Every structure is written in C-alpha cells, then in structure tokens.
Amino acid sequence: MRIDIGEWQVRSFYTEDAEALAKYANNRNIWRNIRDAFPHPYRLEDADAWIRMAGRQFPEVSFAIADANEVIGTIGLGLQTDVNYRSAEIGYWLGEPFWGQGIATAALQALTEYAFVNYNLIRLFAYVYDWNPASVRVLEKAGYAFEGRLRKSATKDGQTVDQLLYAMVRE
C-alpha cells in the first residue's frame with residue numbers, strides 16, 4: 001500500500017526501513033506518548049521484529065510514514081472485534097525532528113480516508129494522554145471530534161493520567 005501526501009507518504013514497511021525506524025523510535029519523548037508495548041530503549045532488533053510482524057498482517061494495518069529517503073514514523077489501525085467490529089483504534093507517532101510540520105495530520109487524514117474506503121469501518125477513534133496537546137491538535141485538524149475525558153484511566157511513566165477520546169464517524 002502507498003498513499004502519497006505531498007513530499008511524504010503512508011506506505012507498507014520494507015525490510016530496509018529498520019535502521020531509520022530504530023533511529024527515530026529510540027526517543028523517550030515518543031515512548032512517553034504511546035503505549036508501554038512500545039519498547040524503550042528501542043533497538044534495531046525491535047524495528048526488525050515490528051517490520052516482520054507488519055509484513056504478516058492480513059489485512060495490513062500497520063504502515064510507515066516516510067519521506068523520499070526513509071521512515072520517519074508509523075501509523076496504524078487496531079481493528080476491533082465482536083460488537084465493535086466496525087470500529088478501529090488509530091494510532092501514530094512521528095520522529096521528533098519532523099514535529100510541527102503538518103506531516104502527522106496529513107498522514108492521519110490519508111489513513112482515515114483509506115480505512116473508510118478499504119475496511120468495513122464506520123468509526124475510527126484515538127486515545128491521547130492529556131499531557132499531549134500536540135496530538136490533540138493533529139486529531140482536531142484531521143477532523144476528529146472530542147468525545148470525552150477518561151479520568152485517571154492510564155498509568156504511563158509512573159503517572160496516572162486522564163486520556164482524551166477523539167473519534168471520526170463515517171455517516
């Protein structure tokens with residue numbers, strides 16, 4: 001899969017992406033804003049394992065955010081099951097040197113459109129720690145609506161914090 005978004009793209013992972021993935025993912029500022037399943041420190045072996053896992057997915061739900069030269073982040077869907085099977089959690093991160101350039105918003109908009117067209121989904125949602133206003137802005141600029149505050153719902157980096165729930169619903 002490949003979606004061009006200006007000078008960047010959302011695309012499938014390649015084996016040769018591992019070095020750049022490890023370079024940008026090995027950052028405490030990234031780790032602090034995502035789930036604990038994301039290792040820190042993030043090593044080359046972690047990147048290799050992630051790329052192998054992404055390549056085995058069906059349907060494909062984990063994608064690279066890349067410029068013309070290398071992977072600079074990731075974005076993906078967590079398809080839900082049972083009565084929630086038409087919903088998916090969306091998550092993303094971007095290498096710190098690329099923050100504030102509109103890349104995450106463009107990638108989120110692109111994957112949102114792709115997901116609604118290619119998967120049997122009517123709802124995409126994201127959780128954001130309340131200490132991450134930059135991610136809130138990404139979601140809002142991409143058209144996601146604030147649905148609520150989950151009080152003291154996550155413990156990350158030794159702190160129990162609120163999570164903010166944002167969603168996009170296809171009418």
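**Aromatic contacts in a predicted model**

Let me begin with R32, which lies over the face of W131 at 3.9 Å from the ring centre, where a charge counts as sitting over a ring if NZ of Lys or CZ of Arg is within 6 Å of the ring centre and within 35 degrees of the ring normal. The charged end of K156 sits over the ring of W31, 3.9 Å from its centre.

This is a predicted model, in which local features need pLDDT of at least 70 and side-chain atom pairs count only at pLDDT 80 or more, while totals for chains, interfaces and linings use all residues. Residues are numbered from 1 along each chain as its sequence is written, and side-chain values use heavy atoms, with hydrogens and water left out.

Turning to ring pairs, the whole structure yields 8 aromatic pairs, defined for rings of Phe, Tyr and Trp (its six-membered ring) with centres within 6.5 Å, and called stacked with planes under 30 degrees apart, edge-to-face over 60 and tilted for the rest. Y24 and F98 have ring centres 5.3 Å apart and planes at 75°, so this pair is edge-to-face. The pair links distant parts of the chain, 74 residues apart, with Y24 in helix α1 (residues 18-25) and F98 in the loop between β5 (87-94) and α4 (103-118); helices (H or I, at least four residues) and strands (E, at least two) are DSSP runs, numbered from the N terminus.

Y24 is buried at 10% relative accessible area, and F98 is buried at 14%, where buried means under 20%, exposed over 50% and partly exposed in between (1.4 Å probe, protein chains only).

F125 and Y127 form an edge-to-face pair, 5.7 Å centre to centre with 80° between the planes; F125 is buried at 7%, whereas Y127 is partly exposed at 32%.
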